[in-house]
Amino acid sequence: MKYQAIAFDLDGTLLSPNATILESSKQAIQKAREKGIKVYFVTGRHHTAVRPYYAEMNLDTPVVCCNGTYLYDFQKDDVLESNPLTPALASMLINNAQAEGIHVSVYFRDAMTYEELNPNFVKLQKWVDSCPENVRPDVHQVEKFQKEIDNGTTVWKVLISDPDLDKMQKFVDALPLDQ
């Protein structure tokens, strides 16, 4: 059997605990590419947070982003296929989480955003600042998520986080499954 493609998840798979790609992995990927095998990244990350690794590996294939929500082509700076959240669903998720005191970040068309900084985004921002400027992810604060939604900005993902796992589970259990 001749393989035509290899797909890699990033976090917990291709990336080491310090968020780097091991040299041995880089070499193996390069050998596969030399054999004509296409290499893809398939990740829960926003494309802006994939960009540093994509550039490092000098890939030319589209990337599956935000847990399959969209297919992004870095070569064309274009979304090839997508299934974004509706404005109503995104607003409901944001409002309900914030009402419960759960931290929210929203992955819009071209940026990962937050209204209030939390420890996870402090850590993320340190990583962002360490990336070369030409591939640095766009992570920034917005005044209000709803303002971006009302402006028609595409919503890929609403990310919720809280150190209280019971609070998170109650929130998830209350989500309507028919949306």
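Biologist: In what order do the three strands of the open antiparallel sheet stand?
Modeller: This is a predicted model, in which local features need pLDDT of at least 70 and side-chain atom pairs count only at pLDDT 80 or more, while totals for chains, interfaces and linings use all residues. Residues are numbered from 1 along each chain as its sequence is written, and side-chain values use heavy atoms, with hydrogens and water left out. Strands are DSSP runs of E of at least two residues, and helices are runs of H or I of at least four, both numbered from the N terminus. The pairing in this open sheet is antiparallel throughout its three strands, and their order is 3-4-5.

Biologist: Which strands form the edges of that sheet?
Modeller: Two strands pair if DSSP finds at least two bridges between them. In the sheet of order 3-4-5, two strands pair on one side only, namely strand 3 (63-65) and strand 5.

Biologist: By what angle are neighbouring strands of this sheet turned on average?
Modeller: Axes are lines fitted to C-alpha atoms, for helices over the stretch in contact, and angles between N-to-C directions run from 0 to 180 degrees. For the neighbours in the order 3-4-5, the average turn, with direction ignored, is 30°.

Biologist: Which residue of strand 5 stands opposite tyrosine 70?
Modeller: Strand 4 (residues 70-73) and strand 5 (residues 78-82) are antiparallel partners over four bridges. Aspartate 73 faces aspartate 78, whereas the residue facing tyrosine 70 is serine 82.

Biologist: Which residue in the hairpin of strand 4 and strand 5 takes a positive phi?
Modeller: Four residues lie between the two strands of the hairpin. The residue with a positive phi, near 50°, is aspartate 77.

Biologist: Which strands are the edges of the four-stranded open sheet?
Modeller: The pairing in this second sheet is mixed, and its order is 8-7-6-9. Those that pair on one side only are strand 8 (139-141) and strand 9 (155-161).

Biologist: By what angle are neighbouring strands turned on average in the four-stranded sheet?
Modeller: The strands concerned follow the order 8-7-6-9. With direction ignored, their average turn is 25°.

Biologist: Which residue of strand 9 stands opposite phenylalanine 108?
Modeller: Strand 6 (residues 103-108) pairs with strand 9 in the antiparallel sense over six bridges. Opposite phenylalanine 108 is valine 155.

Biologist: What angle does helix 4 make with strand 9?
Modeller: Helix 4 (residues 87-99) packs on the sheet and touches strand 6 and strand 9, contact being heavy atoms within 4.5 Å. The direction of helix 4 and that of strand 9 make an angle of about 15°.

Biologist: What is the radius of gyration of the chain?
Modeller: The chain has seven helices and nine strands. The globule rule, 2.2 Å times the number of residues to the power 0.38, is set against a radius taken over C-alpha atoms. For 179 residues the rule gives 16 Å, and the chain comes close to this, so it is as compact as a globular protein of that length, with a radius of gyration of 18 Å.

Biologist: What does the C-alpha trace span along its principal axes?
Modeller: The trace belongs to a chain of seven helices and nine strands. Its span along the principal axes is about 50 × 30 × 30 Å.
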